[in-house]
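Dear colleague,

Please find below the structure that I am handing over to you. I would be grateful if you could read the notes after it with the model open.

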Amino acid sequence: MTKSHGRKSRARNKSRARGAAFASANAGTLHQHSGGPSAADLQPADPTRWGVDTAPDMRTASALISACIDRCAPCQQSLADKLLDEEAVVLAVLAGSVYTLHAESEPDAGGLASRATQVFFGLVQQARDYRDPGMLPAAVEMLPRDSRAAILEDALDLWTYYGHVDAGLLRERYPSPVGLSTVSVTVEGSDPEKAGPGVVVDLSALGHPAAYSVRTDMTLTGSGWVASVALVPESADAGYDDLRWRCGWEPYIFQGLPSVDPAWVLKIDRTSGALLGIVRLLDATLLPERQPWEWRQDVYDRILWRAPVPATPSASAEWLETARRRDTVLLYGPLDAGADRPADWERLVSVHAYCQFTDRM
């Protein structure tokens with residue numbers, strides 16, 4: 001008896017006591033599932049549109065989707081581990097296909113989706129708008145394994161929901177490039193001026209739902225005068241609840257200065273001194289185990305406020321000098337338009353953010 005036959009024989013014997021699917025998975029003799037799309041169905045019509053030169057091998061993805069539809073847990077586990085070790089484009093196509101279908105009728109990834117999936121769904125929406133899926137593999141590739149596993153799990157749940165989708169709905173949902181996104185964010189190590197399609201990752205689709213205007217001032221704290229920025233609500237969604245719970249800002253400390261939160265950054269034009277935007281860094285969510293100075297300063301999780309174009313100078317020389325010297329600013333709100341102080345101090349929140357003098361948003 002050959003080694004392979006012996007392994008299969010032991011698997012058959014074990015299956016009688018522990019279940020056929022479980023033993024097959026352990027023996028590496030996974031049985032076949034065909035309840036989902038085939039590898040050919042998942043194959044991109046033009047792989048170069050996805051940032052790769054050759055067609056990705058979608059056999060593992062096809063088998064995994066089918067195992068999920070058939071609810072075979074042992075095969076799901078084995079195949080999921082295998083897929084996470086494959087090229088990033090395989091996961092990008094598996095998740096991008098079904099979330100593109102999902103985006104045609106739903107505005108978000110779903111309330112139970114992981115944070116990594118919500119970010120990925122924002123990219124799917126942008127890829128769909130610009131008919132350019134090349135950003136998806138690049139985004140998947142730079143994620144840690146646990147974030148990729150979360151995206152895979154959520155995508156498989158969606159595949160199980162949709163079941164066996166007609167191949168025509170999946171084969172190519174990006175018929176022609178109609179333009180490129182404005183670029184200010186790139187994959188780590190690339191040059192924003194030289195980056196081409198498939199390298200650029202623009203997270204502006206994750207713009208904040210609430211609208212604010214901003215006003216610069218100086219605030220006296222126990223550490224002296226600091227440069228500060230007040231946020232003035234401009235929409236019904238803006239205000240205390242938004243800043244406190246959606247953004248996670250802490251209650252304002254009167255004449256106090258909280259510790260710096262490196263996740264939040266105020267972008268300032270290095271030449272004119274104009275405020276460009278207030279952002280939260282994506283790596284604060286996806287790579288919290290890294291030191292803050294290792295986080296990429298141009299990859300955003302949330303854009304709380306963005307200046308109109310063109311931005312105009314809105315800070316005094318004293319304010320700019322203080323911001324440069326301290327390298328931080330105090331963001332606080334909500335503050336009513338025209339008011340010098342809040343109507344209710346108990347409903348004022350703040351965050352001590354870094355400021356970055358830069359050439360672009």
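The notes below describe the chain as a whole, then its cores, and then one pair of helices.

This is a predicted model, in which local features need pLDDT of at least 70 and side-chain atom pairs count only at pLDDT 80 or more, while totals for chains, interfaces and linings use all residues. Residues are numbered from 1 along each chain as its sequence is written, and side-chain values use heavy atoms, with hydrogens and water left out.

The chain contains 13 helices and eight strands (DSSP runs, H or I of at least four residues for helices and E of at least two for strands, numbered from the N terminus). Of its 361 residues, 50% are buried (under 20% relative accessible area, with a 1.4 Å probe and protein chains only).

The largest nonpolar core has 51 residues; such a core is a set of buried Ala, Val, Leu, Ile, Met, Phe, Trp, Tyr and Cys residues joined through side-chain atoms within 4.5 Å. Helix 6 gives the most to this core, with eleven residues. Apart from it lies another core of 39 residues, including Val-229 and Tyr-300.

The axes of helix 6 and helix 9 (lines fitted to C-alpha atoms over the stretch in contact, with angles from 0 to 180 degrees between N-to-C directions) come within 9 Å and cross at roughly 50°. Helix 6 is therefore oblique to helix 9 (neither under 35 degrees, nor over 145, nor 65 to 115). Among the residues that meet here are Leu-94 in helix 6 and Leu-152 in helix 9 (contact means heavy atoms within 4.5 Å).

Yours sincerely
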